[in-house]
Amino acid sequence: MNNTMMSSLNQSKLAFTSLTNPIPRKHSSFSALKFSPLPIIQNSQKGLSFDKISQKPLHISSIESFSFSRKTQQEKPVTVCNAYEADRSRPLDINIELSDEHAAQKIKIGLYFATWWALNVVFNIYNKKVLNAFPYPWLTSTLSLACGSLMMLISWATRIADAPKTDFEFWKTLFPVAVAHTIGHVAATVSMSKVAVSFTHIIKSGEPAFSVLVSKFLLGETFPLPVYLSLLPIIGGCALSAATELNFNMTGFMGAMISNLAFVFRNIFSKKGMSGKSVSGMNYYACLSMLSLLILTPFAIAVEGPQMWAAGWQNALAQIGPNFVWWVAAQSIFYHLYNQVSYMSLDQISPLTFSIGNTMKRISVIVSSIIIFHTPVQPVNALGAAIAILGTFLYSQAKQ
């Protein structure tokens, strides 16, 4: 019996020893320690080698008390998770960036519009002075395009501006834009050579009506009813102003109307041609000026001719003096600059928004030209202009 009890105790002792010392002293391996759920890695981080660990038995007093101590967790946290902080901060940062970007875009377009309007006022003043002394609108239009083309060629040659990378497809798409631009430019210049600047721009304030009609019947676009209703005061105001114009001229009136239609096509074609292209608005208009110059030059020579130009130039110099040369240079330079800025604006907005900005620009042109040239304006004529401008405002609101 005693032998039986001793044998049982020895077996129990061996069994207990195997439980309390599960890692063999001589056959331990790195892979066993690496995947062990016990906190041996913590001891290895404190400078204990695996050989020393394998030479000492592990004793677990209680499975329930087996856990990382609070001190160890504080000294070396097992996991650091900042997911909630990132979730809270990231949307806030993104919203701020989007808001700032949207505000910056508005400011940028606003600066484009203000510069565009200011340059346009200066151009119209000098253009009218030139046409009063030199009534040859075809040559005046040609000189404007030639000056802009020369300015951009110099900018590209001196690397002030990067030259655009174009191909045959680009010039093919640009050609109808250049045709519309040439027609609109010459028609507007012919109009201002026959009538007052204010009257030309009052008629040209009807451009949104042309834009809506062209967009609907040729592009298939539809607009809400308030947009169509807003066209009534625009058309009515232009008609009232034309009927009460003291110095009405049919050639000047038709030139302004043709210019409206041509520029609407130019803006629509330009927006289509610029979409998906790497050419910026500034370089796009530079290429447009060069192509328009090639189209316009033979027609200008055929309509007016060098002999008429020479006689008119000598007469203008005799009347005005050397300042006439400055007037021609100024109207050519400012024509290119204001159109260049307008195309930089068109690069950011839609053709209809461009037409709205173009119409609002005419307010400053009309007022400044009346003041500078002392244009006589009847109250009914001013009322018609005010109604047309009000219609443009209602149109912009209806579009929004």
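The following exchange concerns helix packing and aromatic pairs in a predicted model.

Me: How do helix 8 and helix 9 pack, roughly antiparallel or oblique?
Reply: Helix 8 (residues 168-194) and helix 9 (residues 197-204) have axes 8 Å apart and pack at an angle of about 140°. Angles over 145 degrees would count as roughly antiparallel. The arrangement of helix 8 to helix 9 is therefore oblique.

Me: Which residues of helix 9 does helix 8 meet?
Reply: By class, the contact between the two helices has 3 nonpolar, 3 polar and 1 charged residues. From helix 8, the participants are Ala188, Ser191 and Met192. In helix 9 they meet Val197, Thr200, His201 and Lys204.

Me: How many residues apart in sequence are the parts that Phe199 and Phe248 tie together?
Reply: The ring centres of Phe199 and Phe248 are 5.9 Å apart with planes at 80°, so this pair is edge-to-face. Phe199 lies in helix 9, whereas Phe248 lies in the loop between helix 11 (225-243) and helix 12 (250-274). The separation of the parts they tie together is therefore 49 residues.

Me: Is Phe248 buried or partly exposed?
Reply: Its partner Phe199 has a relative accessible area of 0% and is buried. Buried requires under 20%, and Phe248 has 36% relative accessibility. Phe248 is therefore partly exposed.

Me: Which helix holds both Tyr335 and Tyr338?
Reply: Tyr335 and Tyr338 form an edge-to-face pair, 5.7 Å centre to centre with 80° between the planes. Tyr335 is buried at 2% relative accessibility, and Tyr338 is buried at 11%. The two tyrosines are 3 residues apart, about one turn, in helix 15.

Definitions and conventions:
Residues numbered from 1 in each chain as written. Predicted model: local features only at pLDDT ≥ 70, side-chain atom pairs only at ≥ 80, totals over all residues. Heavy atoms only, no water. Axes fitted to C-alpha atoms, helices over the stretch in contact; angles between N-to-C directions. Helix = DSSP H or I, 4+ residues; strand = E, 2+ residues; numbered from the N terminus. Parallel < 35°, antiparallel > 145°, perpendicular 65-115°, else oblique. Contact = heavy atoms within 4.5 Å. Nonpolar A, V, L, I, M, F, W, Y, C, P; charged D, E, K, R; others polar. Phe/Tyr/Trp six-rings, centres within 6.5 Å; stacked < 30°, edge-to-face > 60°. Buried < 20%, exposed > 50% of the residue type's maximum accessible area, 1.4 Å probe, protein only.
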